Amino acid sequence: MAELGSKGVTAGKIASNVQKKLTRAQEKVLQKLGKADETKDEQFEQCVQNFNKQLTEGTRLQKDLRTYLASVKAMHEASKKLTECLQEVYEPDWPGREETNKIAENNDLLWMDYHQKLVDQALLTMDTYLGQFPDIKSRIAKRGRKLVDYDSARHHYESLQTAKKKDEAKIAKAEEELIKAQKVFEEMNVDLQEELPSLWNSRVGFYVNTFQSIAGLEENFHKEMSKLNQNLNDVLVSLEKQHGSNTFTIKAQPRKKTKLFSRLRRKKSSDNAPTKGNKSPSPPPDGSPAGTPEIKVNHEPEPASLDTPGAAIPKSPSQPGDVAEAGGTKPVAAPEGAKETAASEGASSSLPAVVVETFPATVNGTVEGSTPPKRSDLPPGFMFKVQAQHDYTATDSDELQLKAGDVVLVIPFENPEEQDEGWLMGVKESDWHQHKELEKCRGVFPENFTERVQ
């Protein structure tokens with residue numbers, strides 16, 4: 001007991017504190033059961049709600065700011081390693097080595113300065129702002145306890161006054177305790193009633209200053225970093241000029257799957273292609289001489305017209321205006337250009353040949369006798385357009401051969417599972433306008449060789 005007294009704590013004070021806790025507990029139980037009324041202050045309760053909300057928001061902001069600083073630190077380390085790697089691979093005889101080392105040094109200093117300023121102007125200010133909340137929170141809790149003490153003293157005084165047998169001494173003592181409890185509560189209540197609204201209103205200025213500081217620091221950092229990056233770019237351009245012949249070639253992402261589309265196209269090509277080493281067509285099945293050209297005949301041709309894409313153009317060396325009647329063919333009128341072509345081809349052949357084309361005739365790569373396609377005339381399933389930024393040499397029969405500037409109409413894969421990562425299906429716009437047949441024109445191509453234009 002003497003030990004307790006030496007620390008300023010007496011047995012009487014301990015007993016008093018225990019009695020207060022018991023009295024408060026009883027009072028709260030009676031209030032919850034509705035057997036005792038409770039003093040309410042809606043305005044103060046609203047202030048407490050705002051305080052709790054402000055504390056939650058500030059705590060979250062502090063946490064996110066620390067995360068941001070950790071990210072800046074990690075980015076600094078990554079940037080430092082990257083510049084160190086550049087210094088290691090930059091050979092001594094290359095131009096700009098000293099400039100590269102200086103840029104790396106300035107880059108490191110810039111990151112360190114940015115991080116330190118964020119700590120000083122944002123994080124420390126944030127910590128100071130949140131440092132006032134614990135004390136106020138403690139005072140709010142103490143005010144709540146004093147309010148319970150006040151209600152308890154009030155109820156005790158009222159019960160003595162309404163008792164059948166009144167004890168004036170007890171009533172006087174209860175009244176004295178009530179006045180004391182009321183005074184303590186009102187002193188704390190008045191102070192908090194002034195501080196809480198002021199603290200709530202201060203949040204606007206604090207948020208403005210904090211985010212302005214962060215934004216300003218980040219803006220200056222990126223300006224300075226942009227200058228360093230420009231200097232580094234100038235050094236590398238100088239290096240490229242000296243070693244311009246050894247440029248890096250862009251490569252397509254490797255394809256891992258065997259395309260069903262590719263297999264079908266190769267099968268189709270092998271079925272129609274002549275045997276290697278024998279450029280002449282195979283002899284016809286009817287026993288004609290081996291040197292006789294194959295005769296393709298359309299037994300029911302439609303009238304040809306220059307304005308009709310895909311119109312049949314007959315060829316005959318003997319009668320320019322008619323098709324030879326072989327196997328039941330009928331005379332068909334031919335354009336003048338087709339007559340001259342047929343006559344010249346027939347002159348070099350030992351036997352007459354009748355060929356009815358199923359595709360539009362082309363002259364210098366354009367469709368003869370057809371009108372230019374409309375812009376809206378696009379392949380089925382068209383999704384968007386891309387333009388080749390680099391030349392690409394096809395390595396398989398189902399791939400598109402691209403030249404820089406070629407426009408490709410992108411279409412979906414018939415089977416999405418056949419699509420490799422980094423590859424698209426499409427048809428060159430020029431081929432589509434010329435043939436209008438996906439099976440002849442479509443193919444796959446590497447996406448990184450192109451840029452989307454529409």
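1. A quick definition before we start: a helix here is a DSSP run of H or I that is at least four residues long, and helices are numbered from the N terminus. With that in hand, you can find L22 in helix α2, which covers residues 11–33. Keep in mind as you read that this is a predicted model.

2. Stay with L22 for a moment. Together with I14 and V18, L22 makes up a nonpolar patch on the surface, and the three share about 240 Å² of accessible area. Is L22 buried, exposed or partly exposed? L22 has a relative accessible area of 46%, so it counts as partly exposed.

3. Now scroll along to helix α6, residues 168–242. How far apart should the ends of its 75 residues be? At 1.5 Å a residue the expected span is 111 Å, and the C-alpha atoms at the two ends sit 109 Å apart, so the two values agree. Have a look at R203 too, because the expected span is simply 1.5 Å times one less than the number of residues, and that sum takes no account of bends. There is in fact a kink of about 30° in α6, with R203 at its centre.4. At the N-terminal end of α6, check D167. This residue caps the helix: one of its side-chain oxygens lies 3.1 Å from the backbone nitrogen of A169.

5. Next, the salt bridges, of which the model has 13. One of them joins D64 and R60, with the closest N and O atoms 3.6 Å apart. Why are these two about one helical turn from each other? Both belong to helix α3 (residues 42–89) and they are four residues apart, which means a separation of about one turn. An α-helix has 3.6 residues a turn, so residues three or four places apart point the same way. As for cover, D64 is partly exposed at 41% relative accessible area, whereas R60 counts as exposed at 60%.

6. You'll find a similar story in helix α4 (residues 97–131), where K117 and D113 are four residues apart and therefore about one helical turn from each other. Their side chains meet in a salt bridge, with 3.3 Å from N to O. K117 is partly exposed, with a relative accessible area of 35%, and D113 is partly exposed as well, at 36%.

7. Helix α5 (residues 133–161) holds another pair, R154 and E158, again four residues and about one helical turn apart. The salt bridge between their side chains spans 3.8 Å, N to O. Which of the two is buried, and which is partly exposed? R154 is buried, because its relative accessible area is 13% and the cut-off for buried is under 20%. E158, at 36%, is partly exposed. There is also a network to trace: D135, R139 and E195 are joined by salt bridges that share partners.

8. Over in strand β3 (residues 384–388), pick out K385. K385 has a relative accessible area of 5%, so it is buried. What does its side chain touch? A polar contact of 2.9 Å links the side chain of K385 to that of E429.

9. Last stop: P379, in the loop between β2 (366–367) and β3. P379 is buried, with a relative accessible area of 3%. Try drawing a line from P379 to H433: they are 54 residues apart along the chain, and their C-alpha atoms are separated by 9.5 Å.

Technical notes: Residues numbered from 1 in each chain as written. Predicted model: local features only at pLDDT ≥ 70, side-chain atom pairs only at ≥ 80, totals over all residues. Heavy atoms only, no water. Bend = angle between axes of the 7 residues up to and from the residue. Polar contact = N/O pair within 3.5 Å; in protein donor to acceptor, adjacent residues only side chain to side chain. Patch = residues over 30% accessible without salt bridge, like charges linked within 9 Å, V, L, I, M, F, W, Y side chains within 5 Å. Areas by Shrake-Rupley, 256 points an atom, 1.4 Å probe, with all protein chains shown as cover. Salt bridge = Lys/Arg side-chain N within 4 Å of Asp/Glu carboxyl O. Buried < 20%, exposed > 50% of the residue type's maximum accessible area, 1.4 Å probe, protein only.
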